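Open the structure in a viewer with residue labels switched on. The stops below can be followed in order, one selection at a time.

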Amino acid sequence: MRVTFTVNGRPQEADDVWEGESLLYVLRERLGLPGSKNACEQGECGSCTVRLDGVPVCACLVAAGQAEGREVGTVEGLADHAARRAGGTSADRARQWRPDPADTVELAPVQRAFIDAGAVQCGFCTPGLLVAADELLEHNPDPSDADIREALSGNLCRCTGYEKILDAVRLAAARAAEGD
Amino acid sequence: MDFLRPADWEEALAAKAEHPSAVPIAGGTDVMVEINFDHRRPEHLLDLSRIGELHEWDADGPDVRLGAAVPYARIIDHLHTELPGLALAAHTVGSPQIRNRGSVGGNLGAASPAGDSHPALLAAGAEVEAQSVRGTRLIPVEEFYTGVKRNALAPDELIRAVHIRKATGPQQFSKVGTRNAMVIAVCAFGIALHPESRTVRTGIGSAAPTPVRAGVAEEFLAAALAEAGCWDSGAPVPPSVAREFAELASGACNPIDDVRGSAAYRRRAVAVMARRTLGWVWEEYRGTQGRGTLCA
Ligand SMILES: Cc1cc2nc3c(=O)[nH]c(=O)nc-3n(C[C@H](O)[C@H](O)[C@H](O)COP(=O)(O)OP(=O)(O)OC[C@H]3O[C@@H](n4cnc5c(N)ncnc54)[C@H](O)[C@@H]3O)c2cc1C
Ligand code: FES
Ligand code: FES
């Protein structure tokens, strides 16, 4: 079947989708968006977390056909999403875009914070955590530690021991507060 | 495989009548796991996610009519006053991502003895609204669970909604597991006080082939509280009564040994949860009564 939906603000169309296929598979294997990771395919690890009409979900548990006509946000669109939220338009950003040999690609504040806090080791869990953490901060700019733990309780990390991840979310929140 | 995408409820019922073996998919948090792991290859998937009324609820009147596909997250945010027991249970389901998709209709459809909605529904009092092109019936939730992962739906029926009594007294839910998130219950216990009828209702999860009420324990407790005048006085539940209630609740279990826990552990844990949750709801009830004197 064909599935038509929006990914990171862009209309997308996937053909020959098997009816039992997950949204995760469509993103990774058919649309060339491998940012969302596939680890467990059973909702346990959160590494496939994306936003479906704004709501964080496990892409591995959404049937591709259920995404028809909906808006999906993945880690690939996080920087744009954050910029739009902060007031810039993506058209402006697109015009300003230059190839970046120095590898200083613009990142969402939460991505910057993960790097600065040392919250990324192997990086496999990172995309899911970023999407979940960004959504938390969108709704709750000054989260308590309990709020952070709760919001990230569906994301497993096998490397960091979580402390640096918590630090990263606190750092992103603190920087946003300073910027206000 | 066919992906059926009914635009409204009538179309969904017609599709289910035409393809009785079609597997409904709401939040997909049970169905997609089975498909991803090749445990299930239905000929038809029947997508319910586009049907607006399944995602709505109506809280006018003595019941909440909860649309089958309302995700747990919305129950927690919007219905914790009317349905405190269910909201507490919902909060223990999976993770935020799972609670954003998973629904009570899906929990009933799966009918796992470990489903967390069930103890709360049993304790509050609820009926499942099952519909087909043939008509509508209201199935008392006690009669809905017919065996391990089996329910009372006919092949052409779908769950439209669940009618749940609004709380008129304190409710609690307790669940045993290895951590606070992402845990299938080793066992679970729900309790609801119904002060207007001076009754107590319970629900036990994951300690019998189906979710069950602890009927004997409920009757014992109602009689003991009435005899001691506790509903009027707001006095504490006598410890001997709480102990007996806990033992009787444990006696309602018919658990198995499995990877999550032994039968003996489950019996013991249900007794502990019964005693504790009774303490919590009764404390709350006394708070609303103004602390009374000792039981007569
Ligand atoms: C990581 C993870 C953690 C989980 N943790 C918990 C937990 O802590 N507690 C718990 O109770 N469950 C848990 N679950 C299981 C699952 O999330 C719940 O059972 C949830 O309530 C299912 O709802 P759903 O809408 O996603 O159902 P779906 O997967 O869409 O459907 C489940 C079943 O119900 C049927 N169905 C759905 N809607 C209807 C309808 N309207 N009429 C008739 N049949 C219908 C489907 O055909 C299927 O058989 C977990 C699942 C995952 C993946
Ligand atoms: S791959 Fe989806 S939750 Fe693990
Ligand atoms: S950094 Fe390796 S899994 Fe989290």
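Is R40(B) buried, partly exposed or exposed? With a relative accessibility of 33%, R40(B) falls in the partly exposed class. Keep in mind throughout that this is a predicted model.

**Stop 1: salt bridges in chain B**

Leave R40(B) selected and add E34(B): the two form a salt bridge, and their closest N and O atoms lie 2.6 Å apart. E34(B) has 28% relative accessibility, so it too is partly exposed, since that class begins at 20% and ends at 50%.

Next, select R41(B) and D38(B). Their side chains are joined by a salt bridge with an N to O distance of 3.0 Å. The relative accessible area of R41(B) is 46%, which means that R41(B) is partly exposed.

Then move along the chain to D258(B) and R260(B). This pair also forms a salt bridge, with 3.8 Å between the closest N and O atoms; the cut-off for such a pair is 4 Å. D258(B) is partly exposed at 28% relative accessibility, and R260(B) is partly exposed with a relative accessible area of 33%.

Side chains of opposite charge can pair when their charged atoms come close. Over all chains the count of salt bridges is 29.

**Stop 2: chain A as a whole**

Hide chain B and colour chain A by secondary structure. Chain A holds seven helices and five strands. Read from the N terminus, the order of its elements is β-β-α-β-β-β-α-α-α-α-α-α. Of its 180 residues, 47% are buried. Among the contacts in chain A with a separation of 6 or more, 56% are between residues 24 or more positions apart.

**Stop 3: a charged network in chain A**

Which residues of chain A should be shown as sticks to see a network of salt bridges? Select R51(A), R85(A), D134(A) and E138(A), which are linked in one.

**Stop 4: α5(A) against α7(A)**

Select residues 126-139 of chain A for helix α5 and residues 163-179 of chain A for helix α7; their axes come within 11 Å and cross at roughly 40°. An angle of that value makes α5(A) oblique to α7(A), because it lies above the 35 degrees under which a pair counts as roughly parallel and below the 65 degrees where roughly perpendicular begins. The crossing of these two helices, α5(A) and α7(A), is right-handed.

For the side chains in this contact, show L129(A), A133(A), L136(A) and L137(A) on α5(A), which meet I165(A), V169(A), A172(A) and A173(A) on α7(A). By class, the residues of the contact between α5(A) and α7(A) are eight nonpolar, no polar and no charged.

**Stop 5: α4(A) against α7(A)**

Keep α7(A) and swap its partner for helix α4, residues 109-116 of chain A. The axes of α4(A) and α7(A) are 8 Å apart and the packing angle is about 130°. The two helices α4(A) and α7(A) are therefore oblique to each other. Their crossing, α4(A) over α7(A), is right-handed.

On the α4(A) side, display P109(A), V110(A), R112(A), A113(A), F114(A) and D116(A); on the α7(A) side, display I165(A), A168(A), V169(A), L171(A), A172(A) and R175(A). The contact of α4(A) with α7(A) comprises nine nonpolar, no polar and three charged residues.

Definitions and conventions
Residues numbered from 1 in each chain as written. Chains lettered and ligands numbered in written order. Predicted model: local features only at pLDDT ≥ 70, side-chain atom pairs only at ≥ 80, totals over all residues. Heavy atoms only, no water. Axes fitted to C-alpha atoms, helices over the stretch in contact; angles between N-to-C directions. Helix = DSSP H or I, 4+ residues; strand = E, 2+ residues; numbered from the N terminus. Parallel < 35°, antiparallel > 145°, perpendicular 65-115°, else oblique. Left-handed = near helix turned anticlockwise from the far one by under 90°. Contact = heavy atoms within 4.5 Å. Nonpolar A, V, L, I, M, F, W, Y, C, P; charged D, E, K, R; others polar. Buried < 20%, exposed > 50% of the residue type's maximum accessible area, 1.4 Å probe, protein only.
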